[in-house]
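Student: Got a minute to go through this one with me? I'd like to hop around a bit.
Tutor: Sure, pull it up and ask away.

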Amino acid sequence: MVDSRPQDLFGREKETDCLHEKIGALQNGGGAVLLRGEPGIGKTALLDMAASHASENGVRVLRATGVESEALLPFAGLHQLVYPVRSFAAQLPAARRDALEGALGVRGSTVPDPFPVALSALDLLARAAAHSPVLLVIDDVHRLDRASSDVFALLARRLESEPVLLLAALRDGCPSPLTATGVPDLAVGPLSPEASAALVDVRAPDLTPSTRAVVLREAAGHPLALTELAGTAAGPGSSGPATEPWTPMSRRLQDAFTSRLHTLPPSTRLLLLVAACDDRACLPEILRAASLQGPVRVEASDLAPAIAAGLVEAGDDTVRFRHPLMSSAIRRSTPADRRRAVHAALARYVTAGSDRQTWHEAAAATHPDEQLAVRLDEAAHRARRRGDADESVKALEQAARLSGDTARGGERLLRAAAQAVDAGRHHLVTRLLEAAEPWATAPGQRARLQWIKGSPEDGMRDVSEGAAALTRLARTVLAEGRVDLAASILGSAAQRCFWSEPGPAARHGIVALADELPLSDTDPSLLAIIAHAQPIDCGRRVVSGLRRAAALTAADPGAARLIGGAALLVGEFDLAQGLSRTSAPGLRSEGRLGLAARAWGVQAWSGAQLAQLTSTVPVAEEATRLARDTGQTYLRGLGIATEARIAALQGRHERALELAGEAERIALPVAARPVLATVQLARGLAAMGAGRFHEAYGHLRRMHDPKDPAHQIALRCYALIELTDAAVHCGERDSARSVTAEMTRAASRTSSSGMHSGLAYARAALAEDTDAEGLFRAALDDASCTWPFDRARLQLAYGQWLRRQRRAMDSREQLRAAEDAFDTLGTVPWANRARQELLASGEFSRRREPAARDRLTRQESQVAQLAAEGLTNREIAERLFLSPRTVSTHLHRVFPKLGISSRAALASVFPERGAEYHEASR
Ligand SMILES: Nc1ncnc2c1ncn2[C@@H]1O[C@H](COP(=O)(O)OP(=O)(O)OP(=O)(O)O)[C@@H](O)[C@H]1O
Ligand SMILES: [Mg+2]
C-alpha cells in the first residue's frame with residue numbers, strides 16, 4: 001500500500017495511522033469515523049490526507065461538503081455525494097431507485113422520509129463498491145441540510161459489512177444527527193510542540209527567533225493559528241505578531257475562534273467578553289462588571305454553556321480561556337465602544353489605585369490624558385521591577401497613545417523600544433520604532449531612534465551608526481543634562497568597539513567623553529565603557545576599579561553584568577566568570593533576556609579561557625540558545641565559537657571544526673571580530689591537539705594581524721600561550737617573538753592577569769637556553785600565573801625544556817604536575833602530551849586505569865561534579881538549566897555507576913571540586 005501522507009501535514013501520526021489502517025482494511029468491511037475538533041484544528045486537512053491516500057490505493061473517493069447556502073435544500077449533501085456514481089442507480093430495484101430519485105429530485109415542500117432514501121443510497125454505494133472499495137468524505141457536517149445529515153447518520157450505522165468507509169468532520173459543540181449514532185469519534189486536538197515548530201519553520205523559515213517564539217506560544221498548537229500567524233509575521237512590512245494590540249489576526253482566524261459564540265446565549269457571551277477584557281479578573285469582578293452592561297441579567301451559572309462548549313475552564317473563582325487566542329479574537333470581534341464600556345466597568349470594580357485599574361481606565365479612554373499616561377509610566381516601572389518586560393513595554397505603548405503631546409508620546413515609545421531591546425523582544429522593537437517614527441521629531445530623538453535601531457545587533461547591520469556617531473549623540477544628550485541616557489548611548493558606542501574596529505581616534509573619543517560623565521571611578525557603566533573602548537591602554541585603570549566595584553555591586557544583576565563584561569575585556573577571567581554567574585539568573589528573572597544572554601556569553605568565554613570545561617559546557621550551550629531566542633545573531637555566533645573552543649580543548653576535533661565553521665559563516669559577512677577571533681583560537685587549539693603545530697600557528701597568527709577580521713584588540717592578548725606553544729613546536733619562534741615584543745610594550749599600560757600570564761609564559765618558552773630556566777621559575781612564581789590551565793601549560797613547557805636539557809628527574813616533577821592538572825580539567829590532548837613527555841623522560845607507570853567516573857555520561861558527570869562541590873539539587877538544576885527532578889534522576893543513576901551510596905562519597909570521586917581547586921592552586 002502506498003503511503004500518501006502529504007508532505008505538508010505536520011504531526012498527526014496517531015490520526016494518520018488510524019485512518020490508514022481503516023482504509024487498508026476496507027476489503028474486509030467498512031464503517032464510519034467522525035472527526036471532531038474546534039474550527040481550524042485540521043479536520044479538513046486530515047480528510048484530504050485520507051482521501052488522497054485512498055485514491056492512491058485504488059479506493060474510489062466520493063465527497064460532500066456542507067455549505068451554508070444549501071443548508072435549506074433537502075438532500076443537497078446527498079446529491080453531491082452520490083452524483084459521480086448515479087449511473088449505478090439503473091441497477092437498483094425500482095422501488096429503491098424511485099426513493100433515491102425522488103429524494104434527489106425533490107422540488108415540493110414535502111420532504112421524503114430519510115429512511116428509505118438511506119437504504120437506497122446504501123444499495124447504490126454497495127453496488128459501486130463492488131468494483132472498488134469506496135471512501136465517503138463528508139466535511140463540515142454542521143452545515144449540511146438536515147435531510148442529508150439524517151441519511152448519513154442512518155448510513156453510518158450500516159456500513160460495517162460493506163467495503164465502504166464514511167469519514168465525516170464536525171466542529172466541536174455543533175449538533176448533528178451523526179453524533180447520536182454511536183459512530184466512533186476521532187478527536188482532533190492541538191499539534192505537538194515539535195510538529196508546531198516544524199510547521200512554522202517550513203511555512204515561515206525566515207522568522208526571527210523571538211517572533212517565532214511568539215507565534216508558537218500564541219498559537220498553542222492550533223494549525224490554522226500557526227499557519228496564519230507565521231504568514232502574517234513573515235509578510236512584507238510586518239514586525240511580528242502578538243496578542244492585541246500585538247497580534248494581527250486574519251478574518252478566518254478570528255472567525256475560527258468566534259464562530260461558536262453565536263450558538264451561546266447572550267448572557268454567556270457577555271461574561272466571555274468581560275473575561276476577555278481582563279485575563280486576571282476573578283468571577284465576582286466579571287459578574288459585577290457584566291451587570292453594568294445593560295439589560296441582560298447575568299449569574300455565575302451563565303458560564304455553563306461556555307464551559308460545556310469547551311471554550312473556557314472555570315475554577316472556584318476563576319475563568320480561563322482554553323486557547324490563548326480566544327480572548328483576543330473575542331475582543332477583536334467586539335465594536336470598540338462596547339469594549340471601552342466593559343473596561344470602564346471593570347475599572348470601577350477592580351482594586352482602587354491598582355495598576356489594573358489604571359490599565360482599564362486607559363483602555364476605556366478615548367482622548368489623550370497626560371495624568372493617566374503618567375500613571376501608566378509608573379505601572380510600567382513597577383512591571384519592569386517585577387521582571388515583566390512585556391507588560392512594561394505594553395504600558396509605555398499605551399501611555400504613548402494617551403500622551404498630552406507628541407513629544408512625550410515619542411519619548412515613551414523610545415523608552416518602550418529600548419526596554420524591548422533589553423528584553424530581547426526584537427519583533428517589538430521594530431514595531432515600536434515604526435510607531436515612534438512620526439512622533440520622535442526632535443533631533444535628539446531622531447538620533448536615539450537610530451541608536452535603538454542598531455542596538456539589537458550592536459550596529460553590525462547598521463553601519464550608519466558607528467562608534468563615532470554614537471559618541472557625538474551621547475555628547476548632545478549629555479549637554480541636555482541627561483547623564484543616564486548619555487551613559488547608555490556611550491555604552492553602545494563602546495560595544496561597537498568590541499564587535500568591530502572603529503580605529504584609535506574613535507576609541508579615544510569614547511574614553512574622553514566617558515571621563516566627562518559625572519560618575520565615580522567604580523561606576524559599573526563607566527568601567528564597562530572604558531574596558532570596551534580601550535581594554536589594553538586603559539587596562540590598569542579598569543582592573544583597579546573592577547575589584548572595588550565588584551565588592552560594591554555584586555547583588556545588582558545589571559551592575560554585575562557590566563563589571564563582568566569589563567573584566568573579560570581586560571583579561572580578569574575569574575572575576576568575569578564569577579560576576580556573570582551571579583548576574584545571569586537575576587537578569588533572566590527580571591525578564592531582561594537579551595542582557596542575560598550576554599552575561600552567559602561572558603561566563604562561557606571566561607570559563608573556556610580558564611578551561612573549566614565541565615561547568616562551562618552547559619553555560620556555553622545556554623548562551624547560544626538564549627542568544628538565538630533573543631535574536632542576537634552575532635552573540636549566538638560567539639556562543640558557537642566558544643563551544644568550538646571547548647570541544648577543541650576536550651580533544652573533540654571534528655566537532656570543534658564543525659562548530660567553528662558554523663560560527664564563521666555567521667560572523668564573516670559582517671566581520672564580527674570577537675567571533676572570528678574565537679573561531680581562530682578554536683581552530684588553533686584543535687590543530688594543536690592533533691599535533692599539527694604548523695597549521696595551528698597559522699590559525700593563531702591571524703589573530704595578531706590588524707588587517708585580518710579575526711583581529712580583536714583585547715581577545716588576541718589572551719591567546720599568547722597558544723601562539724607560543726605552537727611556534728615553539730613548528731620553528732616559528734622569531735615570528736612569535738615579534739608578537740611578544742609588541743605586546744610587551746602594550747602590557748606596560750595594563751595589570752591584566754590574562755595578558756601578563758601569557759607574556760610570562762612566552763618569555764620563558766621563547767628564551768635562549770641560557771635564560772630559560774630563570775624565566776620559567778620566575779613565571780611559576782609570578783602572581784599572574786595562577787590559573788590552573790595556564791600554570792599546567794607552563795609546567796608542560798618547562799618539563800619539555802628540562803627533558804631536552806637531559807634533566808629527566810627535574811622534568812618529571814613538572815610533567816607530573818601538568819598531567820594531573822590536565823586530567824582534572826579534562827583537556828585530553830594536553831594530558832596526552834604530558835604523558836608522552838613523561839614516557840620520553842623514562843617514566844612508564846603513570847597511565848591511569850579508566851576511572852569509575854569515565855563511565856558517566858557527560859551530563860551525569862556534570863551533575864555529579866557539582867553535587868561533589870556541595871550544591872543542592874536546586875542549585876545544580878539552575879546551573880545546568882535542568883529541572884531539579886532531572887538532576888535527582890541523574891544522581892540516582894550516578895551512584896551505582898560509581899559504586900557509592902551517598903552524596904558525601906562523591907567528594908572522593910571528584911576531589912578537584914571546581915572553583916575550590918582553582919582557589920587552592922593560587
Ligand atoms: N497537521 C497539519 N500540518 C500542517 N498544516 C495543517 C495541519 N492541520 C491543519 N493545517 C492547516 O491549518 C489550516 C486549518 O486546517 P483545516 O482547514 O483542516 O481546519 P478545520 O478543522 O477543517 O477547520 P474548520 O472547522 O474551520 O473547517 C489549513 O490551512 C490547513 O492546511
Ligand atoms: Mg474544515
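Student: How far apart are the mean positions of the positive and negative charges of the protein?
Tutor: They are 1 Å apart, taken over 111 positive and 109 negative charges. Keep in mind that this is a predicted model.

Student: Okay, and the basics? How many helices and strands does the protein have?
Tutor: There are 46 helices and seven strands. The C-alpha atoms fill a box of roughly 120 × 70 × 50 Å along the principal axes.

Student: What share of the residues counts as buried?
Tutor: Of the 922 residues, 56% do. The accessible surface comes to about 37,500 Å², and carbon and sulfur atoms hold 52% of that.

Student: And the contacts, what share comes from residues 24 or more positions apart?
Tutor: That share is 69%, counting contacts with a separation of 6 or more.

Student: Let's do strands. Why is S3 described as largely enclosed by the rest of the structure?
Tutor: Because six of the six residues in S3, which spans residues 134-139, are buried.

Student: Which side chains point which way from S3?
Tutor: Val-134, Leu-136 and Ile-138 go one way, while Leu-135, Val-137 and Asp-139 go the other. Both sets are buried, Asp-139 included.

Student: Which strands does S3 pair with?
Tutor: One partner is S2, residues 60-65, in the parallel sense over six bridges. In that pairing, Val-61 has Leu-135 of S3 as its bridge partner. S3 also pairs in the parallel sense with S4, residues 164-171, over five bridges. There, Val-137 is matched with Leu-167 in S4.

Student: How does the chain get from S3 to S4, and what's the handedness?
Tutor: The path runs through helix H6, residues 146-156, and this β-α-β crossover is right-handed.

Student: What about the loop between S3 and H6, which residue there has a positive phi?
Tutor: Asp-140 sits in that loop. Its phi is positive, about 50°, although Asp-140 is not a glycine.

Student: Why would anyone flag that?
Tutor: Because most residues other than glycine have a negative phi.

Student: Is Asp-140 buried or exposed?
Tutor: Buried: its relative accessible area is 16%, and the cut-off for buried is under 20%.

Student: Now Ala-220, what's its phi, given that it's not a glycine either?
Tutor: Ala-220 has a positive phi of about 45°. This residue lies in the loop between H8 (209-219) and H9 (223-234). At 36% relative accessibility, Ala-220 counts as partly exposed.

Student: Switching again. Where is Glu-15?
Tutor: Glu-15 is part of helix H1, residues 13-24. With a relative accessibility of 8%, Glu-15 counts as buried.

Student: What does Glu-15 touch, leaving out residues up to four places away in sequence?
Tutor: Leu-46, Leu-186 and Ala-187. There's also a spacing to Ala-50, which is 35 residues away along the chain: the C-alpha atoms of Glu-15 and Ala-50 are separated by 9.9 Å.

Student: Last one, Gln-254. Which helix is it found in?
Tutor: Gln-254 is in H10, residues 251-258. This glutamine counts as buried, with 9% relative accessibility.

Student: And which residues does Gln-254 touch, again not counting those up to four places away in sequence?
Tutor: Met-249, Ala-329, Arg-332 and Ser-333.

Notes: Residues are numbered from 1 along each chain as its sequence is written. Chains are lettered from A and ligands numbered from 1 in the order in which they are written. This is a predicted model: local features need pLDDT of at least 70, side-chain atom pairs count only at pLDDT 80 or more; totals for chains, interfaces and linings use all residues. Side-chain values use heavy atoms; hydrogens and water are left out. Helices (H or I, at least four residues) and strands (E, at least two) are DSSP runs, numbered from the N terminus. Buried means under 20% relative accessible area, exposed over 50%, partly exposed in between (1.4 Å probe, protein chains only). Contact means heavy atoms within 4.5 Å. Accessible areas come from the Shrake-Rupley method with a 1.4 Å probe; for residues, only the protein chains shown count as cover. Lys and Arg count as positive and Asp and Glu as negative; His and the chain ends are not counted. The place of a charge is taken as NZ of Lys, CZ of Arg, CG of Asp or CD of Glu. Two strands pair if DSSP finds at least two bridges between them. A crossover is right-handed if, with the strands pointing away from the viewer, the path from the first strand over the helix to the second runs clockwise.
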